[in-house]
Amino acid sequence: MRRAATAFAALLATTGLLTGCAPSAAADRPLVVVTTNILGDVVGELVGDEAEVLVLMPPGADPHSFEISAQTAARLRDAELIVANGLGLEEGLAGHVESAEADGVPVFLAGDHLEVLAYAEGDAAGTPDSHFWTDPARMVDVVTALRDELPLELADSATVDVDRITANTEAYLAELGELDREMSATFAAIPEARRALVTNHHVFGYLADRFGFRVIGAVIPSGTTLAAPSASDLRELVAAIDEAAVPAIFAESSQPDRLVQVLAEEADRDIDVVELVTESLTPSGGDAETYLDMMRVNTARIATGLST
């Protein structure tokens, strides 16, 4: 059942300051809070107009380091459901989510509903890899679980049509299936010897596992962008790049590519630096405003970068 807002949060909701919506729109619909904008886009597709979806992470932000204001944090207690990664991705939000859960707000952790991989090397070796969305089949697992969870948590609201949420979910699962087929066909055309990835930090473990790539290494040998590479890390990575003879290395759009450019120069060869959108969707007008767009853009850029 929907929880009563605190007096402060209720005042903000009444004025529309937190959501940017008219007061009646915010009051009429239950609230679903989502931590990252990738999951936020997916949840928005499932929910449609049946609930208000508050996405905490702005477009273009780094999920490992972004934080929220006290006003926004207060809204978590108004939610019917909080949807989070659950594998340590949103390092600046963990305390807020845990606090809201302790106060009785249901929390859906995506990582609880898929086969989780561990980082194979680097500072994070052996710990859970949080970047599951690079494999659309894992996103199917998450969406399938949300198909049951969203109607369960929103059913008490008289304004919610749970059948519409179920229909939206089935339609989105079909789109994910089409995405998976497209990616499989595109990557299958890349010669096996060239299916080698180097990026800013370890983000492609799930994609590599699903589509038969080798992860040669990362400029930042960690699962988080908050770490930093040492001189020996870079030397080892240059040696691996030389051995694999990769034609391109990949820089994430949410992070500056300076280190990747330096690495290309250190490798003393003609290596392209290709930008990917991996951890955050782009702002409105960008080429990766949705999860489906992001995956298609990255698939095309990886295939082009490794095939030239």
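# Reading a predicted model: confidence, helix packing and hollow spaces

Guide: Let's start with a weak spot: over residues 221-227 the pLDDT stays under 50, and the model has 29 contacts for them beyond four places in sequence. Keep in mind that this is a predicted model.

Visitor: How should I read a stretch like that?

Guide: Where pLDDT is low, the predicted coordinates should not be read in detail. Here residues 1-25 also have a pLDDT below 50.

Visitor: What is the mean pLDDT of the protein, and what share of its residues reach 70 or more?

Guide: The mean is 83, and 77% of the residues get to 70 or more. For residues 1-25, the low stretch just mentioned, the model has 34 contacts beyond near neighbours in sequence.

Visitor: On to helices. At what angle do α3 and α7 pack?

Guide: You want two numbers for a pair of helices: an angle and a distance between axes. Helix α3 (residues 37-47) and helix α7 (residues 162-188) pack at about 125°, and their axes are 7 Å apart. That angle makes α3 oblique to α7.

Visitor: Which residues make the contact?

Guide: From α3 you have Asp41, Val42, Glu45, Leu46 and Val47, and from α7 Ile165, Asn168, Thr169 and Tyr172. Sorted by class, the α3 contact with α7 has five nonpolar, two polar and two charged residues.

Visitor: How do α7 and α11 cross, and how far apart are their axes?

Guide: Their axes come within 10 Å and cross at roughly 5°. Angles under 35 degrees count as roughly parallel, so α7 and α11 are roughly parallel to each other. On the α7 side, the contact includes Tyr172, Glu175, Leu176 and Phe187; on the α11 side, Tyr291, Leu292, Met295 and Arg296 are among the residues. The whole contact divides into 10 nonpolar, two polar and four charged residues.

Visitor: Now the hollow spaces. What volume does the largest pocket have, and what lines it?

Guide: For a pocket, look at volume, then lining, then residue class. The largest one has a volume of about 270 Å³. Its lining is made of 14 residues, with Asn37, Val55, Pro59, Leu281 and Glu289 nearest the centre. Helix α3 gives the most to that lining, five residues. By class, the pocket lining has six nonpolar, five polar and three charged residues.

Visitor: How many cavities of 30 Å³ or more are there?

Guide: Two. The largest cavity holds about 40 Å³ of space. Around it you'll find Trp133, Thr134, Phe204, Leu207, Met294, Met295, Asn298 and Ile302. Helix α11 (residues 291-307) gives the most to this lining, with four residues.

Visitor: Which classes does the lining of the largest cavity have?

Guide: Six nonpolar residues, two polar and no charged ones. Two of its lining residues, Met295 and Ile302, also belong to the α11 side of the contact with α7.

Conventions. Residues are numbered from 1 along each chain as its sequence is written. This is a predicted model: local features need pLDDT of at least 70, side-chain atom pairs count only at pLDDT 80 or more; totals for chains, interfaces and linings use all residues. Side-chain values use heavy atoms; hydrogens and water are left out. Axes are lines fitted to C-alpha atoms, for helices over the stretch in contact, and angles run from 0 to 180 degrees between N-to-C directions. Angles under 35 degrees count as roughly parallel, over 145 as roughly antiparallel, 65 to 115 as roughly perpendicular and the rest as oblique. Contact means heavy atoms within 4.5 Å. Ala, Val, Leu, Ile, Met, Phe, Trp, Tyr, Cys and Pro count as nonpolar, Asp, Glu, Lys and Arg as charged, and the others, Gly among them, as polar. pLDDT is the predictor's confidence in each residue, from 0 to 100. On a 1 Å grid over the protein atoms alone, a cavity is a set of points where a 1.4 Å probe fits but cannot get out, and a pocket is an open set with protein on both sides within 12 Å along at least five of seven lines; lining residues have an atom within 4 Å of a point. Grid points are joined across faces, edges and corners, and a volume is the space filled by probe spheres set on the points.
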